[in-house]
Amino acid sequence: MSTTNPKFELRGINHLALVCADMRRTIDFYSGVLGMPLVKTLDLPAGLGQHFFFDCGGGNTVAFFWLANSPEAAPGIAAPKGRPDEGELASAVGSMNHVAFAVPPEQFDEYRSRLEAEDVAVSPVLNHDDSPAGVSRHVHPGTFVRSFYFQDPDGVLLEFACWTREFTDADVSHEPKTAADRHVHASN
């Protein structure tokens, strides 16, 4: 999937920066389980912590901070409490909800099996479509992406996803919601 940006020549995601509680455990998961090479490590000045980068393909990286003074995790605020198939999707405004890695469609089912073999809890396969439910049991012409979800050792919600069709102008048809449409409003 590619479109032209008339304002900036953006070339994808350089990196996403997340926060972990244990850098060794993060390396074990991202390099060991997911096979992402660790490509750059930094110790931050003044003992603030560390910043490590993992290659996730296509010139893109996922980076982690280990910060000496990070607050504890806040599931349901900073990230979803669990996986979408468990009814968990909400996270706070300004939070990062999940990271979706693009995977080859022909290896999608095999990759899910490999994670299960590594004892990673994975969601059922979700065939995201344009139906009122947003997902279907089977792939059909309205399906635009297949995916499944799992979490890293710190609870970061991850997704393996593969596009199933090209987008058309008809795929951009919804009126955007505003802050006034939200059910929860910040109190002053």
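Here is a short walk through one strand, its partners and a helix that packs against it. Keep in mind that this is a predicted model.

Let's start with strand β9, which covers residues 157–163. Is β9 mostly enclosed, or mostly open to the outside? Count a residue as buried when its relative accessible area is under 20%. By that cut-off, 6 of the 7 residues of β9 are buried, so the rest of the structure largely encloses this strand.

Now look at who sits beside it. Strand β5, residues 99–102, runs parallel to β9, and the two are joined over 4 bridges. If you want a spot to zoom in on, find A102, whose bridge partner in β9 is A161. Strand β8, residues 145–151, also pairs with β9, this time in the antiparallel sense and over 7 bridges. Here R146 is the residue to pick out, as it stands opposite C162 of β9. β8 and β9 form a hairpin with 5 residues between the strands. In that hairpin, G155 takes a positive phi near 90°.

Next, move over to helix α2, which spans residues 108–117. Its buried residues are F108, Y111, R112 and L115. Looking down the axis of α2, you'll find these buried residues within an arc of 100°, so they line one face of the helix. What does that set of buried residues pack against? The answer takes us back to the hairpin: they pack against β8 and β9, and also against helix α1 (23–33). Just past the helix, have a look at the backbone too: α2 is followed by D119, which has a positive phi near 65°.

Note on methods. Residues are numbered from 1 along each chain as its sequence is written. This is a predicted model: local features need pLDDT of at least 70, side-chain atom pairs count only at pLDDT 80 or more; totals for chains, interfaces and linings use all residues. Side-chain values use heavy atoms; hydrogens and water are left out. Buried means under 20% relative accessible area, exposed over 50%, partly exposed in between (1.4 Å probe, protein chains only). Two strands pair if DSSP finds at least two bridges between them. The arc is that of the directions from the helix axis to the C-beta atoms. Contact means heavy atoms within 4.5 Å.
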